[in-house]
Amino acid sequence: MDQQCRKEWLVSLLGWSGVIVFLSLIDKLHDLWVPEDDKLNNHPLWALQEWGLWLLFTPLLFRLLSRAADKRQLTQRRYLQICALIFINSMWCQALFDLIVLNDSIAYSLLYFAPVHALAIFINVFIWQRYLTLPQAQLTQADNADSQTLTIEQSEGAMQLCFDDIIQINAASNYVEVCTADRTWLKRATLKDIETQLPQQMFIRTHRAHLVNIQHIARVRLKSSGSGYVELKSGRVVALSKAHKHSVKACLQQVA
């Protein structure tokens with residue numbers, strides 16, 4: 001069992017154990033403070049009977065979501081499919097348990113637990129998204145570290161651009177322009193997000209709106225004002241701001 005899987009089981013065990021203990025405690029305190037006629041007189045294990053199955057279904061939900069995320073298949077449709085699968089199976093398990101152990105009708109159990117199980121799934125998905133999954137930028141960065149490529153989403157599907165082929169990347173509102181020698185590609189992301197996905201030893205920021213591949217820099221020109229521009233081997237010129245000129249010069253000296 002890997003670390004992620006152990007973490008999913010641990011979160012499920014601690015979370016639902018806490019819920020069950022809390023509900024059992026509230027139930028007992030209620031019966032201590034109310035008159036005899038108003039007492040609930042629930043079985044000591046009633047909370048476990050109603051919520052115990054989530055000790056199994058929650059880690060299963062977490063695992064299905066994690067596996068889909070690892071394979072980059074966690075679309076909105078996939079979310080709905082996984083949640084529907086967990087909901088249907090949890091409802092039938094609950095109904096069969098109540099029928100066999102408590103002699104409750106299946107229709108009654110399905111009607112009673114439907115909103116409760118839907119809420120449980122919603123909370124579990126939120127917990128998984130908040131605490132058990134890596135941000136998309138980190139996932140993409142991990143992929144790129146292995147493949148040495150940047151993913152570009154196109155209408156016909158995703159494609160991979162080699163880092164060596166990327167000359168510069170420019171901010172363009174809610175998109176970035178990824179420039180190669182042949183053409184410019186649009187990718188929906190911020191320049192800051194893209195910067196975290198690129199190898200630091202290969203790309204450097206010359207301006208708040210520009211990232212440049214160090215291998216494609218020909219020379220740096222400074223103006224009397226303190227700013228300047230970077231000439232690329234392709235003949236393109238990229239702005240160089242005062243805030244980044246020292247880091248660019250130091251980086252080029254190290255490369256040289």
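In this predicted model, one set of residues along helix α5 is tucked away: Ser-109, Phe-113, His-117, Ala-120, Ile-121, Asn-124, Val-125, Trp-128 and Leu-132 are buried. The spacing of such a set has a simple background: an α-helix has 3.6 residues a turn, so residues three or four places apart point the same way. The cover over the buried residues of α5 includes α1 (3-33), α2 (46-51), α3 (54-70) and α4 (76-102).

α5 itself isn't straight. Running from 106 to 132, its 27 residues put the end C-alpha atoms only 34 Å apart, where a straight helix would reach 39 Å. There is a bend of about 45 degrees at Phe-113, with a proline, Pro-115, following within four residues.

Ile-121 turns up again in the largest nonpolar core, which has 21 residues; together with Trp-54 and Leu-61, it touches the most other members. Each of α1, α2, α3, α4 and α5 supplies at least two residues of this core, and the largest share, 7 residues, comes from α3. Setting aside neighbours within four places in sequence, Ile-121 is in contact with Trp-54, Leu-61, Cys-83, Ile-86 and Phe-87. Then there is a second, separate core of 16 residues, with Ile-166, Trp-185, Leu-191 and Met-202 among them.

As for the strands, 5 of them make an open, antiparallel sheet in the order β5-β4-β3-β7-β6. β5 (184-188) and β6 (203-207) sit at the edges with a single partner strand each, so one side of each has no neighbour in the sheet. From one strand to the next, the twist averages 25 degrees. Within the sheet, β3 (168-172) and β7 (210-213) pair antiparallel over 3 bridges, and Gln-168 has Val-212 of β7 as its bridge partner.

How values were computed. Residues numbered from 1 in each chain as written. Predicted model: local features only at pLDDT ≥ 70, side-chain atom pairs only at ≥ 80, totals over all residues. Heavy atoms only, no water. Expected span 1.5 Å × (residues − 1). Bend = angle between axes of the 7 residues up to and from the residue. Buried < 20%, exposed > 50% of the residue type's maximum accessible area, 1.4 Å probe, protein only. Contact = heavy atoms within 4.5 Å. Core = buried A, V, L, I, M, F, W, Y, C linked by side-chain atoms within 4.5 Å. Pairing = 2+ DSSP bridges. Axes fitted to C-alpha atoms, helices over the stretch in contact; angles between N-to-C directions.
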